[in-house]
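Work through the following exercises with the sequence and coordinates at hand. Each task is followed by its solution.

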Amino acid sequence: MQFLKLNPPCLDEAEAARLIRLFPVEGELRPLYSERDQNFLVTGKAASYVLKIVSSQDDAASIDMQLQALAHIAEADPTLPVPRLQPAGDGDNSVSFTSEAGSAHRAFLLSYLPGIILNEAPLSSALLHNHGQMVARLGRALAGFFHPAAGRQLLWDLRQLPEFAAVIERVEDSTDRALLDEIVSRFAAHVGPRLKTVRAQIIHGDASAHNVLVDSTQQQRIAGIVDFGDLYHGPLVSDLAVAIADVLFNRDGTPAQIATIVSGYHSVTPVAPEEVDLLYDLISARLALSYLIAVYRRTETPGREDYNAALAEDGLAWLKQLKNIGGETLTRTIRAGLGHRAGGTASSAAGAPVDMDSLRRRRDRVMGPRMRLFYENPLHMVRGEGVWLFDATGRRFLDVYNNVPHVGHCHPHVVEAIARQAAILNTNTRYLGEQVISLAERLGATLPGDLRICAFVNSGSEANDVAWRMAKAYTGNGGGIMMQAAYHGITDAIDAFSPAERRGGQWPAHMRAIMPPDGYRGSYRYGEPDLGARYAADTDKAIASLAEAGLKPAAFMVDSTFLTNGVLEAPQDYLATVFAKVRAAGGLCIADEVQAGFGRMGRSMWGHQTYGVVPDIVTIGKPAGNGHPLGVVITRPEIMDALLDETSFFSTFGGNNVSAAAGLAVLDVIEQEHLIENSTAVGAYLKDGLKGLMARHEIIGDVRGHGLVIGVELVRDRASLEPAREETARVVNGMRDRGVLIGSEGQNGCVLKIRPPIVFAREHAEIVIETLDQVLASL
Ligand code: PMP
């Protein structure tokens, strides 16, 4: 165990300064920490470098390997951010010298990579994904490299773990001893032999958080990997295990975070199933090895500072957490993550050309050519992450209009919940189910009074259809009231509530549409008195008209974002006034929260709360499962009873365990990431920024909305309000071409629809404002 005793070289600065003169660079020297070598930062005018003085204990062949590996990577993957060798004045990559103390040393100079160490960066899923990708690229760049010194025995080689069995006795706590014993024995008996069957090559050997640099401004980007002093020939998957263990050990890393690193890795170098199966043991081995090395050093050389000691303690704590999670769960989560992403990224990562025309022809054949696609140049999306979508060429787009991936595309917590539950049980609500009951309880807790009975379905349309049936059963009436350009879904009954999408056909005799409270272009305008009451008065006409046909209202259905009416900000008292009129006429009020719910409108969980009303029935869909099909009708017990007096109610898939797990995970994320507050703050920031553009762009007539649902109405003339329909289409397509995805809405097709996942941040809002500014300027 000689190699455990550290003895780095220790030149003074004057000596180092003399040394740097052998290289064709100038700069100021500052010592940097190193466990085994001695390093100086050389800050020059044009560039900075790291002067590495390697230990006399390191044999010449190992140093030679390090230098050759860097030269090899520079050719194999020239854009990989690793240090580049700066040859000495005589053209050699290193210089040999004898220090004043009389010991022989070698030194070389490397370009300095700026950045913060990964340990200090916020761990976004994008960063973890990129970290995995970078480690995989490094493995690829080294794949064809060979050097005889790579067979050396190295302290941090995970295969050394059984050698540390004797150190376990020195651990004080008996539970810790038992845990370490179990890991080391398992490694010796099972893991070691299996490691002999997986691919091996020369690997980095220490892809730990202090050797990985993150861009200090774009903190999702890996800016570099440094320290090539631990190269050895070993299992390729070891580098991945270290990359995971050393980044997450002091952050209470979750299985989803681990899966994110692995899927990043997998998008560059597919991870073989047998390697996936080894990861749990290898991560545990790394943590155990770090801990035992620290224990050894502490007991061999007491009093000597060991930078690894604190890390090792945190590592042991995380090791216990991992043990509680268990290898099976972790492996399942990783597998789910890979299955999830493998298909998507394979084509783009491999650079395989995607034939869009052929895809379109095939789509036309099987779905019919009239089925609409977004954009003049349609997009073929293969991957999503947070607020970003990636197309098949690898180009990324800022997603500013998809409200289904409410907490961000492929949010790891939701992905993990779905994957975990799918691997355990997926059945229906005719059995007692923990997930669906918890989901109903948590949804009920967000609503006042007796609004707590949940009926589970699979889509917004279905939820509205069931709500309508409930309303008819409860009231005994048959009339329906909705907004003039409403959209509530696709079933036959709900199509009647959806004039926005109807193209002719007979007007359903039992339906009445009321005028939307559009203070910008409607009958009554912003600033006029009693706006809410005047718009709401249209309800009286609808009720009277139903009465003429011998009908009474069973329900009024409303989407609080008034999305298809062009994203409206209704007068504050409008909904309460309409609700009162409908109720007085014997009808129920249904809040369709498919668009407005889950914090979309900021400040509160549900859109109708923005207007201070309490509905009789609430329907939810789209965002409820973050993309997993989940619809829910929430109502009072007596209303559900009325339906059950007429019919039984059961939806085969509605409320299944997996959908319910997805729904619970969405609620978790909204709470844990404070997304309602985010929607309020970022929405306000975005709206202000968009309003700011009005001064420069006459075409913007109005900017409105709540939270993160914003409409920007484009007009040819601010006085006549002539709709700028063609221009709106050009803007939507122009934004798409610049990588920002928005949509359009409203009966005149002139309202830009801005409705991103509510994890949208200020920096994303700035991209929208800036890009819209450019596109409008180029019209
Ligand atoms: N209600 C509203 C307000 C909607 O916007 C939609 C979908 N756009 C629906 C209901 C229908 O939901 P789904 O497509 O899930 O059936």
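**Strand S23 and its partners**

In S26, valine 751 is the bridge partner of glutamate 713. The model is a predicted one.

**Exercise 1.** Determine which strands pair with S23, and in what sense.

Solution.
Step 1: Take strand S22, residues 700-706; S22 and S23 are antiparallel and share 6 bridges.
Step 2: Check the register: histidine 706 lies opposite valine 709 of S23.
Step 3: Look at the turn of this hairpin, where 2 residues separate the strands and glycine 707 has a positive phi near 55°.
Step 4: Take strand S26, residues 751-754; it is joined to S23 by 4 bridges and also runs antiparallel. The pair glutamate 713 and valine 751 belongs to this side.

**Exercise 2.** Sort the residues of S23 by the way they point, and state whether they are buried or exposed.

Solution.
Step 1: In a regular strand, side chains alternate between the two sheet faces.
Step 2: In S23, one way point Val709, Gly711 and Glu713, and the other way Ile710, Val712 and Leu714.
Step 3: Buried means under 20% relative accessible area. By this cut-off, 6 of the 6 residues in S23 (709-714) are buried.

**Exercise 3.** Place the strand in the context of the whole protein: how many helices and strands are there, and what share of residues is buried?

Solution.
Step 1: The protein has 23 helices and 26 strands.
Step 2: Of its 779 residues, 58% are buried.
Step 3: Among contacts with a separation of 6 or more, 74% link residues 24 or more positions apart.
Step 4: The C-alpha trace spans about 110 × 60 × 50 Å along its principal axes.

Note on methods: Residues numbered from 1 in each chain as written. Predicted model: local features only at pLDDT ≥ 70, side-chain atom pairs only at ≥ 80, totals over all residues. Heavy atoms only, no water. Buried < 20%, exposed > 50% of the residue type's maximum accessible area, 1.4 Å probe, protein only. Contact = heavy atoms within 4.5 Å. Pairing = 2+ DSSP bridges.
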